[in-house]
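Reader: I am new to this structure and would like to learn how to read it. Could you take me through it step by step?

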Amino acid sequence: MPDKLPNTSDDGILSLERIKTIPGYPGDERIEKGPVVVIECDEDIPCNPCEDICPKKAITVGEPITNLPRIDPAKCDGCIVCISICPGLCMFVVHKNYSKTESLIHIPYEMHPLPKKGMVVNGCDRSGERVCDARVEKVIESKKLNKTSIVAVAVPKAYFETVRAIRFEE
Amino acid sequence: MNADLAVIGAGPAGLCAAIEAARRGVKVLVIDENDRPGGQLFLQTHKFFGSRHHMAGVRGFHIGNDLLEEAKHEGIEILLNTTVWGVFPDNRVAFTREDDKQGSVIAKNILIATGALEKGIFFKGWTKPGVMGAGAAQKMMHVHRVLPGGKVLVVGSGNVGLIVSYQLAQAGAVVSGVIEALPEVSGYQVHAGKIRRMSIPIMTSHTIVEALGNGQVEGAVLARAGADFRIVEGTEFEVSCDLIILAVGLRPFDELLRALGVEMAYISGLGGFVPLHDENLETSKRGVYVAGDITGIEEANTAMDEGRLAGVAVAEKLGRLDLSKAEELKSDIRRRLANLRIGSYGRQRAEGKQEVLAALRERKGA
């Protein structure tokens, strides 16, 4: 008997083409310039804590509360405060040009144990497939984050739009 | 024993109603059959959606702790391990306590906030140990700290199925997959996205045929589900698992309402038979109120606000709040509720609620 079912539905996965059309996407140009949030939120769920928490007032939901969050690419400085408040865990801060060869992705992480700085883990895409090695640069855990820790991983630049999860063996 | 308000069910709706009423000097007694109050809030480890007023971004069990603190602060008496088995026409609420002692309370008003029951689906082997509802698995994990299985098949891709899959994986289980009879995922994309990023597969248009195993679950037979949800013969295959979680929907826990003869109607957008009620959540029986999932399957944030609305309405009726203050509080709450019932997931609930109000008006008029 197999241990795992084949996947037949990609309903849980937003395509990159789709993400680039939603108001939470800051734009390719802005992503070139420095760290910025990518809000991968595409359903009209009544929800707006990201709007409330952003210290730069860079995220707007407004009325009705089912509007998709809109990112103001000029105001967002990629401060990562919004990542942990999102009940959908769909906010990622992307620093494409972290170095000449690598991008840095901040990912919400709610598993135990947390990875440690310096570890090389699997960088996974939106379907959990391993796509590359990811080096853990930072692990942020605090009471304020309310059990949604943030893990920052460096990945080869080619994967800045792909890596949205990590996995590792203890 | 007597009370101004007897609240049956100490979940999010019942606790919020009790708090709002007690805050205005209403003498409240809360009764719950569980050994601790809070209802399903303590099974909810995820952060709530909504706005600041709905505690968005706060985890369910933290909200539960806050409500218990508030209830304590208001001096609300909560009878635990106490099962209400009847409500009589003189507004006597009869109950059995843990030690089999009988008791009753005469209450000027009664709020029935008994929540929801999990639905089941039935298949060969469904009574084997290792087949359980999502709520049971959550209670084992989050309250009793027991991992109910090592390799799990989850049936149902609504938010409950998606969330319980995520929680099982967090607790260390391997989730073999989530199956869904419909051709698409029923819950939020973001919840599905969380488990997909953990590489948990989702199989739509599939259903369970049989739980395999000698004495306990050792696997399952699955098959394609046709448009009529029937098994497509010849498509059966097996998967290995030691736990099968059923997350196939909820229905209002309405036995007490039926015993009372409260007028009900079948409203599919609200999850089944629901009590008719007015804008203050008072049913067709004067002095009998309802709030939370018993009025239609929603979420804890709507349950809390419905509870608050009923609590304010009772305080107003008992003269503990003047009319204009009560109106102001109630319209605030109604606005918040309306805000949670919009969008593609909320619209049918909003329509269902309108049907409930209209049906009661119609029957009263008739």
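Reader: What share of the 366 residues of chain B counts as buried?

Author: Welcome! A residue is buried if 20 or more other C-beta atoms, placed from the backbone, lie within 10 Å of its own, exposed if 12 or fewer, and partly exposed in between. By that count, 52% of the 366 residues of chain B are buried. In chain A, buried residues make up 42% of its 170 residues. Do keep in mind that this is a predicted model, where local features need pLDDT of at least 70, side-chain atom pairs count only at pLDDT 80 or more, and totals for chains, interfaces and linings use all residues. Residues are numbered from 1 along each chain as its sequence is written, while chains are lettered from A and ligands numbered from 1 in the order in which they are written.

Reader: How many helices and strands does chain B have?

Author: Helices (H or I, at least four residues) and strands (E, at least two) are DSSP runs, numbered from the N terminus. Chain B has nine helices and 19 strands, and chain A has three helices and nine strands. Along the sequence, chain A reads α-α-β-α-β-β-β-β-β-β-β-β.

Reader: What is the radius of gyration of chain A, and what does the globule rule give?

Author: The radius is taken over C-alpha atoms, and the rule is 2.2 Å times the number of residues to the power 0.38. Chain A has 16 Å, close to the 15 Å given for 170 residues, so chain A is as compact as a globular protein of that length. For chain B, the 21 Å found agrees with a value near 21 Å for a compact globule of 366 residues.

Reader: How many residues does each chain bring to the contact?

Author: Two residues are in contact if their C-beta atoms, placed from the backbone, lie within 7 Å. Chain B brings 42 residues and chain A 40 residues. On the side of chain B that touches chain A, α5(B) gives the most, with eight residues.

Reader: Which order do the strands take in the open sheet of chain B?

Author: Strands of a sheet pair through backbone hydrogen bonds, either parallel or antiparallel. Two strands count as paired if DSSP finds at least two bridges between them. Here the three strands lie in the order β12-β13-β14 (chain B), with antiparallel pairing. The edges are β12 (206-212) and β14 of chain B, each pairing on one side only. Four bridges join β13 (residues 219-224) of chain B to β14(B), and B:Val221 stands opposite B:Glu238 in β14(B).
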